[in-house]
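Morning, everyone. Please bring up the sequence and the model on your screens.

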Amino acid sequence: MDEQESSSATSPTSECGGGFGTHGLRISKRSPKPPIAPLHLVTSASHQPYPQASTMAVIHSPTLSMTTSEFTTEQDTVQVQDTDFELIKPTFPLSPFGGSFESLPSPVRADTFLRADSPALSTFSGSSHRFPSPGDVSPSDGHGQGHGSSTGKPARDRDPKDKESVEAHRQRELRWVSAMASIPPSQARKSKKVRKMVLDGVPASVRYQVWATLADSKGKRMDGLYQKLVQREKVGAWREIEHDVQNAFTGMPQATDGSLAKLLHAYLTMVPDLQYSRGLAMIAGQLLAQSPEEDAFWTFISLMDTHLRPYFSNSSVQLEVDASLFGRALENNDAQLAKKVFGEMAIEPILVCRPWFTTVFADALPPDYLVRVWDVFLFEGVTFLYRAGLALFSCMRRTLLQSTSPEAVLHVLSCPPPDALPASPDGFVELAFTVKLKDDDVRKQRSKLEAQVKRRTAHARPSPISPATPATISLPKHGF
């Protein structure tokens, strides 16, 4: 042992380790000596601790970089040929995985759908990624798989149920990757398999690709156009855009790096007949919180063209139609509540629906609930906005019935207290699917009523002497 100590004290050493709750290695190069057994473990109580390293060792991985600088002084030495390997336990965990070496991500192909921190790239990890959004709460796929480890325990010490949950999350990611590679985006919303996967949960690590697929954004994309639009002269609503962005996304990347304002400027340059409102910033900001800037722009284009653009036109026909149908749907689900809100309080349905539908509930729901609503909305379409609204009425029922003023009712509906919502995002989605609503009937009535209002508007030609009167909507007598 004397020879071993003197040799170790004078030869260069290198260290590596990580916050995995397991031992790191200190490698000491020994002077040449006669061959010994290939592997021999020596535990020495008298062995003097090595001085603490003055430089930090770095572990490199294709998807993760971690550093360690402190180690405990209790050491075991493993001898291999002429090299000593000393096992050194870190004094505190540094890894975001909170597990063992098995948690290190494995190399992946550059063209993979998964983000670098996906659980599918490691043996055990519940980590998933997204950029912050207003009121940031770690979002999930609806199954408790949000940021980081929920237990904080090394993988070997975790409850088997935790490992099963992480493995299920990992398999869900891989199924999405496979589906997006095999199903054309234009057919995704027609696929029963995709619908089932959406309801099962969308992992945060693949969410923006899933959203882009459901919106079929590649079908709209034109390379190079976004950069040209960004460089155009600022739109008339530029100051209003900057104001809304700064107020709605204070401290968030969307506001500080100017990407959201640029995206909205590019969109309004491309679609000049659209009327800017704060809802555009809230919708685009949610997409930008999930996606790179240009990807978010094209998903925004597709989302607006497919579902939401009529809400922001100079005519409010579509919003009035949807609000009227929503009022009838609430009456069919809860006549007492509908009478209280729309009858006794004399609140117009459009006052309830406008802030919900023109932001896709961005102001009303916590971030983890919001992304789950968006997952389903991007597949189901506007009818799911009806369902989400009816679910919120159900959650707020007691409070609404006890309200004494229209202002109190509108405040509760626009900013529902989180503790009034179901315990999980999936619970809210399940509640939305339990309300009485025939989606196909709603779609048919939307088209029919929109055509009805447009005809009446076209026939009523305004003049300075006899201005046109607002068109009324004839709602169906039967329920949806």
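I'll take the overall fold, then a cavity, then two residues.

A word on the source. This is a predicted model. Keep that in mind throughout.

Overall picture. The protein has 480 residues, and 49% of them are buried. It contains 19 helices and seven strands. Now the contacts. Take those between residues at least 6 apart in sequence: 73% of them join residues at least 24 apart. The accessible surface comes to about 23300 Å². Carbon and sulfur atoms account for 54% of that surface.

Next, the cavities. How many of 30 Å³ or more turn up in a search of the whole structure? Three. The largest cavity has a volume of about 50 Å³. What lines it? Go to W176, A179, M180 and I183, then A188 and V194, then V210, T213 and L214. Which helices should you highlight? α2, residues 160–182, supplies at least two of the lining residues. So does α4, residues 207–215. As for chemistry, the lining has eight nonpolar residues and one polar residue. None of the lining residues is charged.

Now the first single residue, L268. Find helix α8, which spans residues 259–270; L268 is in there. Is L268 buried or exposed? Its relative accessible area is 9%. The cut-off for buried is under 20%. L268 therefore counts as buried. Who does L268 touch? Set aside its neighbours within four places in sequence. The contacts are then V235, I241, L274, Y276 and L280. One distance to check on your screen: L268 to L229. These two are 39 residues apart along the chain. Their C-alpha atoms are separated by 9.3 Å.

Second residue, D426. It lies in helix α18, residues 425–434. Its relative accessible area is 10%. That is under the 20% cut-off, so D426 is buried too. Which side chain does D426 pair with? Look at R372. A polar contact of 3.0 Å joins the side chains of D426 and R372.

To recap. The fold has 19 helices and seven strands. The largest cavity, about 50 Å³, has no charged residue in its lining. L268 is buried in α8, and its contacts include V235 and Y276. D426 is buried in α18, with a polar contact to R372 through the side chains.

That's my slot. Over to you for discussion.

How values were computed. Residues numbered from 1 in each chain as written. Predicted model: local features only at pLDDT ≥ 70, side-chain atom pairs only at ≥ 80, totals over all residues. Heavy atoms only, no water. Helix = DSSP H or I, 4+ residues; strand = E, 2+ residues; numbered from the N terminus. Buried < 20%, exposed > 50% of the residue type's maximum accessible area, 1.4 Å probe, protein only. Polar contact = N/O pair within 3.5 Å; in protein donor to acceptor, adjacent residues only side chain to side chain. 1 Å grid on protein atoms, 1.4 Å probe; cavity = no way out; pocket = protein on both sides within 12 Å on 5 of 7 lines; lining within 4 Å. Points joined across faces, edges and corners; volume = space filled by probe spheres on them. Nonpolar A, V, L, I, M, F, W, Y, C, P; charged D, E, K, R; others polar. Contact = heavy atoms within 4.5 Å. Areas by Shrake-Rupley, 256 points an atom, 1.4 Å probe, with all protein chains shown as cover.
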